[in-house]
Amino acid sequence: MRARIDRQIEQRTLMLSGVSHDLRTPLTRMKLGLAMLDEEDAEPLMQDVNEMQQLLDAFLDFSRGVSPSAPERTDPQVLVGSIVENWRRDNKDVMLGELSSQGTMMLRPGAMRRAIDNLVSNAVRYGSRARVSVTLTERFLRIRVEDDGPGIPQDQFTEAVRPFTRLDSARNQDLGAGVGLGLAIVADIARAHGGALRLGVSKELGGLQADIVIGR
């Protein structure tokens with residue numbers, strides 16, 4: 001059964017990646033054609049094309065997120081610190097929380113960076129501030145991202161991590177385009193590390209609390 005599930009995930013990923021790559025060419029042609037039109041007439045269509053490009057990028061992120069890569073000896077505290085610093089350079093209210101670390105562990109740093117970035121992106125999109133914490137013990141690694149946004153109802157936690165799920169009652173659809181892949185990407189990356197994504201409510205910030213938990 002595990003082998004069948006792995007094959008199904010691989011087939012889904014290859015299909016999604018292939019379709020996304022194939023659609024990039026006609027989108028590029030559309031952009032070139034629109035660039036030759038009057039700017040005022042082309043603007044609404046260009047917005048649609050850019051939104052389609054964002055959706056394709058999300059599909060490709062999803063396929064890259066589950067692709068295999070070699071684990072490397074990684075200091076999660078350094079990794080998270082660099083991610084937070086990048087968001088702060090973009091003038092986002094992202095802060096470091098508790099950093100409790102006992103050395104390094106084997107991780108896929110590129111995939112983990114993508115997962116944490118997705119969580120922080122959600123946090124600053126739906127809330128006004130975010131906090132990222134790291135706990136590394138002899139038994140597990142936990143990377144926690146919290147925000148002060150509207151959160152997700154507890155009875156929808158399981159649904160929220162499924163691909164292509166958008167919880168519009170909890171998350172404002174007017175905040176931008178999305179296809180419901182952000183948390184699914186994080187969940188897949190956590191599983192690829194032998195861990196899990198756990199959702200909850202931030203006690204201090206009041207919004208969503210997302211934990212990537214990986215055993216050592």
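Colleague: How many of the eight residues of strand β5 are buried?

Modeller: In this predicted model, strand β5 covers residues 140-147, and the strand is mostly covered. Of its eight residues, the number that are buried is six.

Colleague: Which residue of β5 is the bridge partner of L136?

Modeller: Strand β4, residues 130-136, pairs with β5 in the antiparallel sense over seven bridges, and a hairpin of three residues joins β4 to β5. Within this pairing, the residue of β5 that serves as bridge partner to L136 is L141.

Colleague: Which residue of β7 does L141 stand opposite?

Modeller: Strand β5 is also joined to β7, with the two running antiparallel through seven bridges, and one of the facing pairs there is V145 with A210 of β7. As for L141, which is also the bridge partner of L136, the residue that stands opposite in β7 is I214.

Colleague: How many of the eight residues of strand β7 are buried?

Modeller: Strand β7 takes in residues 208-215 and is described as mostly covered. The strand pairs with β6 over six bridges and is joined to β5 by seven bridges. Among its eight residues, the count of buried ones is seven.

Colleague: Which residue of β7 stands opposite R198?

Modeller: Strand β6, made of residues 196-201, pairs with β7 in the antiparallel sense. In this pairing, the residue of β7 that stands opposite R198 is D211.

Colleague: Which residue takes a positive phi in the hairpin of β6 and β7?

Modeller: The hairpin of β6 and β7 has six residues between the strands. A positive phi of about 80 degrees is also taken by G194, just after helix α6. In the hairpin itself, the residue with a positive phi, near 90 degrees, is G206.

Colleague: Why is helix α6 described as largely enclosed by the rest of the structure?

Modeller: Helix α6 spans residues 182-192, and its buried residues are L183, A184, I185, V186, A187, D188, I189 and A190. The helix is therefore largely enclosed by the rest of the structure, the reason being the number of its 11 residues that are buried, namely eight.

Colleague: Is E39 buried or exposed?

Modeller: E39 is found in helix α2, residues 39-65, and together with D38, E40, D41 and E43 this residue forms a negative surface patch. Because a residue counts as exposed at over 50% relative accessible area, and E39 has a relative accessibility of 68%, the term that applies to E39 is exposed.

Methods: Residues are numbered from 1 along each chain as its sequence is written. This is a predicted model: local features need pLDDT of at least 70, side-chain atom pairs count only at pLDDT 80 or more; totals for chains, interfaces and linings use all residues. Side-chain values use heavy atoms; hydrogens and water are left out. Buried means under 20% relative accessible area, exposed over 50%, partly exposed in between (1.4 Å probe, protein chains only). Helices (H or I, at least four residues) and strands (E, at least two) are DSSP runs, numbered from the N terminus. Two strands pair if DSSP finds at least two bridges between them. Patches are made of residues with over 30% relative accessible area and no salt bridge: like charges are joined within 9 Å, nonpolar side chains (Val, Leu, Ile, Met, Phe, Trp, Tyr) within 5 Å. Accessible areas come from the Shrake-Rupley method with a 1.4 Å probe; for residues, only the protein chains shown count as cover. A salt bridge is a side-chain nitrogen of Lys or Arg within 4 Å of a carboxyl oxygen of Asp or Glu. Lys and Arg count as positive and Asp and Glu as negative; His and the chain ends are not counted. The place of a charge is taken as NZ of Lys, CZ of Arg, CG of Asp or CD of Glu.
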